[in-house]
Amino acid sequence: MMADEEGRAEPEPCAPPLEADAEAAGDSELEFGIPLESNGYLLYRDRKEWADIEPVPQDDGPNPVVQIIYSEKFRDVYDYFRAVLQRDERSERAFKLTGDAIELNAANYTVWHFRRVLLQSLKKDLYEELNYITAIIEDQPKNYQVWHHRRVLVEWLKDSSRELEFIADILNQDAKNYHAWQHRQWVIQEFKLWDDELEYVEQLLKEDVRNNSVWNQRYFVISNTTGYDDPAVLEREVQYTLEMIKMVPHNESAWNYLKGILQDRGLSKYPGLLEQLLDLQPSHSSPYLIAFLVDIYEDMLDNQCENKEETLNKALELCEILAKEKDIIRKEYWKYIGRSLKSKHSPNVEQNVPTEIEEQ
């Protein structure tokens, strides 16, 4: 059927004949001569209520290159799923079949799509379905399809009352779960749930100031509420970020946030920022602080600052420190930045004369 039916199915050895299977499972039972799995599961092909359906095997083409060895149960379920999908059968038994298919491969988007068709056609209880998808997400929190299914349900219900608490529970397990954050942003934006989100973000940053996902959420919330154009908001965010940097100077996430909120306004134009960073340098030095200073000096040069030669020398000196001491793994990058700055802002220097950085 679809390639994703093979998605995350765990390959198992070919199943033995039913008779041997029944003998091998000591606690298996026979019902009307038909073997059951040890848990009482009966294959669809052996169920009387499915006798009217002709299963549709998966078509891998005449010469499959790497053929997956599915379990007998997997083949059986998906052969019957293909059949009901082909017939567009909208019945209770088809709905239950999607549940078995999802249990075997919850990443199959075709099954989830057909299940949603059935939810509407059969007028199923959507809150019951919400409970169903909650359990699956808790078991598979990094599955695209399950989060999309939940989003559709919330849209249909027009009810977000469970969402923020549920997402918080998932983030308690993994605070960097991209799917959870994506769903949280959609819920907040769709249902205008901005009021307490910044407080939630600050709590998570207290727990892990290095969590880039939380810094991203902070930017998302402020960008969609107050914005950064208000000088008071911008000053609050600059000082908040600097305080977080003082706590963990080598935290790249905080430096990225600071640069992100200021670069469109001109890094060198923000009052007092350069002085604050220079004051931090002796006690809180890091590659990120020095690189930020290079960015500020470059912005000053681009804006035709008064002491151009002095500013260029400061930037080149910092590039040298980064290349030699603070960020050696990116030595070639900082050598390139130094050459570029010198070429752009020191026209009297011949292009082929190497700087001290280049000679190392």
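This report describes the overall make-up, one helix, one pocket and several individual residues of a predicted model.

**Overall make-up and confidence**

The protein chain contains 17 helices and two strands. Of its 360 residues, 46% count as buried. When contacts between residues at least 6 apart in sequence are considered, 64% of them join residues at least 24 apart. The mean pLDDT of the chain is 88, and 85% of the residues score at least 70. Residues 1-34, by contrast, have a pLDDT below 50, and this stretch has 60 contacts in the model beyond near neighbours in sequence.

**Helix α13 and its two sides**

Helix α13 spans residues 273-284, and Leu-273, Leu-274, Leu-277 and Leu-280 are buried within it. These four leucines lie on the same side of α13, because they cover an arc of only 120° around the axis. The spacing follows a general rule: an α-helix has 3.6 residues a turn, so residues three or four places apart point the same way. The other side of α13 carries the exposed residues Asp-279, Pro-282 and Ser-283. As for the partners of the buried side, the buried residues of α13 pack against α11 (231-247), α12 (252-262) and α14 (287-302).

**The second largest pocket**

Two of those packing partners, α12 and α14, also appear in the lining of the second largest pocket. This pocket holds about 290 Å³ of space. Its lining consists of 14 residues, and those nearest the centre are Lys-259, Ala-291, Asp-295, Arg-330 and Trp-334. The elements that contribute two or more residues to the lining are α12, α14 and α16 (331-345). The greatest share comes from α14, which gives six residues.

**Positive phi angles in two loops**

Two residues other than glycine have positive phi values: Asp-88, near 50°, and Lys-158, at about 55°. Asp-88 sits in the loop that connects α2 (72-87) and α3 (92-104). Lys-158 is placed in the loop between α6 (144-157) and α7 (163-173). Their accessibilities fall into separate classes: Asp-88 counts as partly exposed because its relative accessibility is 39%, whereas Lys-158, with a relative accessible area of 68%, is exposed.

**Buried cysteines and a buried glutamine**

The structure has zero disulfides. Cys-305 is buried, with a relative accessible area of 18%, and Cys-319 is buried as well, with a value of 0%. A polar side chain is also found among the buried residues: Gln-185, in helix α8 (residues 178-191), counts as buried because its relative accessibility is 18%, under the cut-off of 20%. Leaving aside neighbours within four places in sequence, Gln-185 is in contact with Asn-216, Gln-217 and Phe-220.

The table below collects the relative accessible areas of the residues treated individually.

| Residue | Relative accessible area | Class |
|---|---|---|
| Asp-88 | 39% | partly exposed |
| Lys-158 | 68% | exposed |
| Gln-185 | 18% | buried |
| Cys-305 | 18% | buried |
| Cys-319 | 0% | buried |

Conventions:
Residues numbered from 1 in each chain as written. Predicted model: local features only at pLDDT ≥ 70, side-chain atom pairs only at ≥ 80, totals over all residues. Heavy atoms only, no water. Buried < 20%, exposed > 50% of the residue type's maximum accessible area, 1.4 Å probe, protein only. pLDDT = per-residue confidence, 0-100. Contact = heavy atoms within 4.5 Å. Arc of directions from axis to C-beta. Disulfide = S-S within 2.5 Å. 1 Å grid on protein atoms, 1.4 Å probe; cavity = no way out; pocket = protein on both sides within 12 Å on 5 of 7 lines; lining within 4 Å. Points joined across faces, edges and corners; volume = space filled by probe spheres on them.
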